[in-house]
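Reader: I'd like to learn how to read the sheets and contacts in a structure. Could you take me through an example?

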Amino acid sequence: MIPLSETIGIWLGAALTLCVLSFLYKDNPFFKFAEHLFVGISAGYWATLEYYNMFLPNLWEPLTQQGRLLLLVPFALGILLFSRFTKKFSWLSRWPMALVIGIYAGIAILGYMQGDLFPQIHANLRPLVTDNWLTSFNNILLTLGVITGLLYFFFSKEHKGALGGAAKVGIWFLMISFGASFGYTVMSRMSLLIGRVLFLLKDWLHLVN
Amino acid sequence: MRREIPIAICFLAGIFYTLELFIPHRQVLSIFETVRQWAQILIAFAYVLAIANILRVNFHAIQKNQRDWPYKVVLIVSLFFMITLGIFFGGIGEGTIFDWVYYHAQYPLQSTMFALLAFFIASAAFRAFRIRTLEAALLAVTAVLVMIGRVPVGEELWNNFPDFTEWIMNVPQLAGKRAIMIGAALGAISTALKVLTGLERTYLGGE
Amino acid sequence: MKVISFIRVLFFFLYFLLIASPLSFAQEDLSQSWFNPHRVNMLIFLIFFFAIIIYFIDRAKKGKSLFIRRIAGLDAIEEAVGRATEMGKPVLFIPGIEDIDQIQTVAAMIILGNVAKMVAAYDTPLFVPICRPMVVPVAEERVKEGYASAGRPDAYNRDNVRYISDEQFAYAAGVQGIMLRDRPAANLMFGSFFAESLMLAETGFLTGAIQVAGTANIHQLPFFVVACDYTIIGEELFASSAYLSKEPKLLGSLKGSDLTKAIIIGILALGAILETLGITQFTRWFFIE
Amino acid sequence: MKRILEKLETLDRRIIFIFIFLSIAIPLLLPVNMDFSVTPPVRSFYDAIESIPPGSKVLVSCDYDPGSMPELFPMNVAAFYHLLSRDLKVITIQLWPTGTLLAERAMSEVLKDLPVKEYGVDWVNLGFKEGREVVMVSLGTSIPKTFPNDMHGTKIEDIPIMEGVNTFDDIAMLVNISGGLPGTREWVQQVVLRYHVKLGSGCTAVVAPEFYPYLQSGQLVGLLGGMKGAAEYEKLIKRPGTARRGMDAQSVSHIVVFLFILIGNIAYFSVKGVKKRLKV
């Protein structure tokens, strides 16, 4: 026996699914309703989650129960954010903003260097001639593609002459890259729709077992 | 003072975190971790600003009887409904009403919105993949090859289709991707450096 | 400026320190040491990169004129804003869906300021829907500042910077709603986008808006390329602030980036040749554990 | 004729939408079960599990959310089924809070076919633990200390299956169903490199290519990528499920998209539309 709450849930889910799908025809009251409901519920959901997963365990409980007074610093900075509600002191809210931006800009420098720049350069240093002709061909193509692609991103020179030609080859590689990512993503997106249609046909209408 | 202090805070925080990678000392790492958590706590505080922003914008819309104002009521009611459920009625664990609403309203909405992409990807492909120039041809042809090569029917057409698709992904595709990654990394690092040193300070607003 | 000269001295000092230190160490427990020797390569790069940027900024400030190639997508922003004004319709600026912890979002905020300045001059409404709470105050400051520097602080409307939702697709739904009901004539999308990119760009296409999009998220670039009028690719996003503001010091930093890029191209070519000759030490220098 | 072509060139997108919907709904209602071969990454995932002696313990980390369910849930079900039907013991954990319910659902589907399997003896769910990579590393030091209870609050010492399970040495293989971060990349970086565990991964089609290098270097023993990977796996374990079912729809929808691209181009070239340059 399926519990009643589950049945109601499936009907609710199906109704909302159809509301969203109706958008494909055109904007309409059902979609508008679903959209505003979705925005309201999800904003509430994430705010609540933040309260439980961040505010309580990382600030409130350690501060009030374990007496970790150092946490008064972020607490005070957090309160400074609310100075935005006043006209006179709203500039104080820039302190916490500056701290957050500073920290993450610092982290970003490392992240991009360690995560993208060095590993990508390292991975691209390959022998151009090997025993296997296919490997050699691939490595030459890869080196050529990366170098010409980078040349496309030159800003301080007009793209004319040799640089223009190389940048053009670079664009070809970028286009292949975009096409491949596009084609590659089609599969995932279709799978998602299959999942949704299966929900409608199976869980809701019981047309498919 | 209104500008100098934030710039100093930003500079010090940024330099400190740039050094993180180079200083493996345990005590220093724990300071890094603590301060990073502060940043996350500040982000949690920002939710109050965000909720206040939603309320202000939508109340104004309702007040002015703007078109579609009844939907704004739906939005505000559902927002309060979720927060009240989560914080005052039974929390957010398994089996609560909060959880039920997540699985039976938010999840179907989310996954159906996500599934709309299947339709959009098709209509975008139809419209944009016209072979007008060499660049457009490369874009369209690669997309079609990869798309067909990844489903069972591609294999029916040509035995080595999956391998060929792999080759596209691993060689020419990767080259283009790598060029963008290296360029973007340089751009990101230089933007971050400019922000830290206050060369680019406009994000903090005026006097 | 004293700060910058100080950094310069500090970095050169560190640089000489490093040359003196050996490059490789055996694996050991580093939790008690003050420097991680395995990352010398990155430190050297960082110092070098920064030194180059500072050098070119200095030169730019001394009045050397700096050429920058045309970036069609960025020119198109002005055109799009102009058209929106003619039609009496608003401009929509979408700053991506990631928090301010992403440098792409910071770059988007910098572009937002420039757009606000343009919009204020034309007296066209500017909508900025936002996905992450911490971006709200930053965007508010940026837009306000943009209006102020165009001499129109009174035209700034707080209600146009709107937090929507943290949920990716709720945000997308909300932005689609704005596109369909407020009918902006220009959609500017800059920042870090994910799967919602295509949804936004397709809906924007349907409403007939001029669309300019830019991101460094490679996986979403294809969707912007097919559905938008102009696409800003990867590094161009980060170059936007220099391009739009034409400030000498920012243009200088761009030139510094270009030189570094040239060196990286040299490294790629040299490395490939050395690898072909069987010399692998050079490659190892770029390895990070 | 020319008018038809002109119409086709600027086809209403809603017509495309209808075709896409039908290309998915019809194959789901009337399957033909088009055959396909099994790719090497899936085959090696299967072989890795087949090579484990019966009675060994396998740790399954279900790190995904409902958003990627269409692709990952079938793999999750198939992996549980494969493990249990080979008389291996399943210990499941989750590093995503949303994973717990999904793991439970997957298991309850498998237990319909294998009703003899008993909780606590043949399988156990240790639940969700906050901490991402930190949890992974701490599992390497001690599994019981990281998860002192199962998801129902029962003490580890009172669960028969957990007897003698201390570190990764007592685990024959690790399976990760990965919807993002933390996921397979983190398991490889934090655990495989340090503790030399065999790791098999099931991930979404979008990220699968990023994990091929791990497969080549042997850091992954097998990889299931997207719904197609799940379908191949279902084929190997001879238990067709929703992924197998989705494959026809997947093929047909791809062909429909291809046909639309083709029609668009034919119409374009015959009508000779206004030349509009592709802008980069």
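Reader: Let me start with strand 5 and strand 6 of chain C: how many bridges join them?

Author: Happy to help, and keep in mind that this is a predicted model. To read a strand pair, look at the bridges and at the direction of the strands. Here strand 5 (residues 210-215) of chain C runs parallel to strand 6 of chain C, with four bridges between them. For a single position to look at, find C:Val212, which has C:Tyr230 of strand 6 opposite.

Reader: Which helix lies across strand 5 of chain C?

Author: To describe such packing, list the strands touched and then give an angle. Helix 3 (residues 72-87) of chain C crosses strand 1 (91-96), strand 4 (186-192), strand 5 and strand 6, at about 145 degrees to strand 5. Helix 5 (residues 135-149) of chain C also packs on the sheet, where it touches strand 1, strand 2 (126-130) and strand 3, and makes about 165 degrees with strand 2.

Reader: What is the strand order in the chain C sheet?

Author: Order is read across the sheet rather than along the chain. In chain C, the six strands of an open sheet come as 3-2-1-4-5-6, with parallel pairing. Strand 3 (161-163) and strand 6 (230-233) are the edge strands, each pairing on one side only. On average, neighbouring strands are turned by 15 degrees against each other, direction ignored.

Reader: And what order does the sheet of chain D have?

Author: Chain D has an open sheet of six strands in the order 3-2-1-4-5-6, also with parallel pairing. Strand 3 (123-128) and strand 6 (222-225) of chain D each have a single partner strand, so one side of each has no neighbour in the sheet. From one strand to the next, the twist averages 15 degrees.

Reader: Where in chain D could I look at one strand pair and a helix upon it?

Author: Try strand 4 (residues 173-178) and strand 5 (residues 199-203) of chain D, a parallel pair joined by five bridges. D:Val175 has D:Gly200 of strand 5 opposite. Helix 4 (residues 69-85) of chain D lies across strands including strand 4 and strand 5, and runs at about 160 degrees to strand 4.

Reader: Turning to chain contacts, how many residues of chain B are in contact with chain A?

Author: For an interface, count residues on both sides, then ask about their chemistry. There are 103 residues of chain B in contact with 96 residues of chain A. On the chain B side, 79 are nonpolar, 15 polar and nine charged.

Technical notes: Residues numbered from 1 in each chain as written. Chains lettered and ligands numbered in written order. Predicted model: local features only at pLDDT ≥ 70, side-chain atom pairs only at ≥ 80, totals over all residues. Contact = placed C-beta atoms within 7 Å. Nonpolar A, V, L, I, M, F, W, Y, C, P; charged D, E, K, R; others polar. Pairing = 2+ DSSP bridges. Helix = DSSP H or I, 4+ residues; strand = E, 2+ residues; numbered from the N terminus. Axes fitted to C-alpha atoms, helices over the stretch in contact; angles between N-to-C directions.
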